[in-house]
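Biologist: I should like to learn how to read a structural model feature by feature. Could we proceed from the whole to the details?

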Amino acid sequence: MPWQPVRQADATLVAQLADGLARRIDEQGLRPGTRLPSIRKMAEQSGVSRFTVVEAYDRLVARGLVQSRRGAGFFVRARSGPLTAVAAAPTALAAPARIDVAWLLRSMFREANAPGMPGGAGLLPADWLDPDMVAGAVRAVGRSVRANLVSYGHPQGFAPLRQQIAAYLQNEGVPAHPELNLLTTNGVTHGLDLIARHLVKPGDTVLVEDPAWFVIFGRLAAFGANLIGVPRGPDGPDIDVLEKLAAQHKPKLFIINGAVHNPTGHTLSAGAAYGILRIAERHDFMVVEDDTYGELHPGGAIKLAALDRLNRVIFVSGYSKMLAASLRVGYVAAKPDILQKLADLKMLAGLTSPELGERVIHRVLMEGQYRRHIERVRVRVDDARQRCMKGLQKLGLTVPHEPHAGMFLWADCGRDSEVLARAAADRGLLLAPGTLFSPSQAPSTMLRFSVSIADHRGIWTELEKLFAQMGSYNQ
């Protein structure tokens with residue numbers, strides 16, 4: 001019998017039949033080894049089409065409840081011993097003797113630790129975003145495309161999305177052409193990885209900000225790079241130190257957050273921006289501008305890529321932070337010769353990026369809701385940041401320089417923050433100590449807090465207990 005897709009009207013019948021059989025298997029009404037009725041017989045007994053039975057049986061196979069034996073039929077699978085259920089996660093996060101990036105990332109992605117996650121994670125809560133808008137775009141894409149979803153996309157990314165990105169960047173003063181200058185990636189991390197693969201060889205010096213986003217340290221170290229930190233202040237990197245380090249070490253790259261720096265929330269001043277480009281020209285290195293959190297800036301932030309016209313600056317950004325973390329859609333803007341090399345590396349590593357997510361982003365942008373969405377999120381983040389700062393100050397922490405924007409607070413606890421983070425882990429709280437944000441991994445009194453803790457009363461209660469236990473941090 002040739003297979004035919006089940007009609008929409010029959011979809012509920014498929015689910016009812018599959019779920020009914022699953023219940024009988026779970027309740028031992030159908031024991032392991034039992035042969036299910038033939039497709040024809042089950043169709044007659046249930047009063048449904050044979051296609052409906054085929055679909056229902058296939059669902060049971062997919063669930064691991066039924067086994068298909070060619071020429072013999074469908075049989076209830078023998079159960080192995082009951083799986084040992086993972087007990088409810090303990091409140092403790094079991095911090096290692098020395099907290100490292102791997103532990104922090106593992107803890108951030110442990111679903112059971114979600115209640116404590118907002119303290120150190122780099123994500124906004126789902127209810128601060130607009131899952132309905134994203135879900136609507138997913139449905140619209142599903143209705144509008146069919147064959148295109150089962151074929152490879154374009155290696156540079158979905159062309160209409162690249163056109164939208166180019167229009168946005170051009171409006172920001174970045175001369176990005178959709179074919180010559182743009183490449184989509186599986187998020188910002190993927191974009192940075194491609195850049196490092198292309199430009200960094202073992203022994204090359206790469207300058208990074210100190211503090212800076214800790215994940216990039218591990219990626220660069222994996223390529224054998226010599227990492228050197230440039231102190232970051234409220235207006236940008238220390239230009240005098242940058243000049244000295246560039247002269248001494250002849251770096252290949254300098255990676256920087258321009259707008260809404262992670263973890264401090266600061267944004268480059270005009271003077272610092274021009275200073276960086278002058279030093280890059282004088283000492284012949286490339287600048288990678290990571291704009292992951294740039295959309296949280298209220299507007300008017302200087303983009304190095306706009307000042308430089310994509311000559312020495314490679315611009316990287318994406319949509320995961322502001323729409324949905326599972327939509328791993330980012331992009332790189334670079335001059336044509338570098339862009340082509342990055343596209344080749346992308347193909348060698350994974351051929352193309354998934355077009356489905358790119359089509360969803362394109363749909364959201366096309367429907368004109370994105371700008372208003374960003375404004376709503378920014379207002380909520382700004383409000384939460386102010387409340388969090390007051391809450392941290394009440395607990396005795398200080399914020400040396402109030403951030404311009406963004407979802408993080410870089411707070412001083414007055415003592416080794418790794419000790420504090422380990423004590424917090426014992427209480428089920430995930431805190432990100434400052435040592436992780438420095439390429440030297442030097443001891444630090446700083447902690448990064450996510451403003452998403454603003455409305456988590458339980459977290460504030462635990463923080464209060466923690467600080468009371470550890471004593472005064474500013475004496």
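Modeller: The discussion that follows moves from the overall fold to single residues. Please keep in mind that this is a predicted model.

Biologist: How many helices and strands does the protein have?

Modeller: There are 16 helices and 13 strands. Of the 475 residues in the protein, 50% are buried. The exposed surface amounts to about 22,000 Å², and carbon and sulfur atoms supply 53% of it.

Biologist: What share of the contacts links residues 24 or more positions apart?

Modeller: Among contacts with a separation of 6 or more, 72% are between residues 24 or more positions apart.

Biologist: Which residues touch the most other members of the largest nonpolar core?

Modeller: A nonpolar core is a set of buried nonpolar residues joined through side-chain atoms within 4.5 Å. The largest one here has 127 residues, and Leu169, Ile195, Leu220, Phe449, Leu463 and Leu466 touch the most other members. Helix H14 (residues 370–394) gives the most to this core, with 8 residues. Domain 2 (101–129 + 371–472) and domain 3 (144–368) both contribute residues, so the core lies between them.

Biologist: Which residues are in contact with isoleucine 195, leaving aside its neighbours within four places in sequence?

Modeller: Isoleucine 195 is in contact with Val200, Leu253, Val288, Ile314, Val316, Val332 and Leu342. There is also a second, separate core of 19 residues, which includes Leu21, Leu36, Val53 and Leu60.

Biologist: How should one read the pattern of burial along a helix?

Modeller: An α-helix has 3.6 residues a turn, so residues three or four places apart point the same way. Helix H15 (residues 417–426) is mostly covered, with 7 of its 10 residues buried. The buried residues are Ser417, Glu418, Leu420, Ala421, Ala423, Ala424 and Ala425.

Biologist: Which residue caps the N-terminal end of H15?

Modeller: Aspartate 416 does so: one of its side-chain oxygens lies 2.9 Å from the backbone nitrogen of glutamate 418. Just after H15, glycine 428 takes a positive phi of about 85°.

Biologist: Where does a positive phi occur in a residue other than glycine, and is that residue buried or exposed?

Modeller: One case is lysine 250, with phi near 50°, in the loop between helix H9 (239–249) and strand S7 (253–257). Exposed means over 50% relative accessible area, so lysine 250 qualifies at 55%. Valine 260 also has a positive phi, of about 55°, and is placed in the loop between S7 and H10. The cut-off for buried is under 20%, so valine 260, at 2%, counts as buried.

Biologist: Which residues are joined by a cis peptide bond?

Modeller: The cis geometry is read from omega. Aspartate 210 and proline 211 are joined by a cis peptide bond with omega of about 10°. Proline 211 is located in the loop between strand S4 (205–210) and helix H8 (215–222). Asparagine 262 and proline 263 are likewise joined by a cis peptide bond, with omega of about 20°. Proline 263 belongs to the loop between strand S7 (253–257) and helix H10 (270–283), where valine 260 also lies.

Biologist: What joins the side chains of serine 452 and serine 450?

Modeller: A polar contact of 2.7 Å joins them. Serine 452 lies in the loop between strand S13 (446–450) and helix H16 (457–470), and at 3% relative accessibility serine 452 counts as buried.

Methods:
Residues are numbered from 1 along each chain as its sequence is written. This is a predicted model: local features need pLDDT of at least 70, side-chain atom pairs count only at pLDDT 80 or more; totals for chains, interfaces and linings use all residues. Side-chain values use heavy atoms; hydrogens and water are left out. Helices (H or I, at least four residues) and strands (E, at least two) are DSSP runs, numbered from the N terminus. Buried means under 20% relative accessible area, exposed over 50%, partly exposed in between (1.4 Å probe, protein chains only). A polar contact is a pair of N or O atoms within 3.5 Å; within protein, one must be able to donate a hydrogen and the other to accept it, and residues adjacent in sequence count only if both atoms are side-chain atoms. Contact means heavy atoms within 4.5 Å. Accessible areas come from the Shrake-Rupley method with a 1.4 Å probe; for residues, only the protein chains shown count as cover. Domain bounds come from an automatic or database domain assignment.
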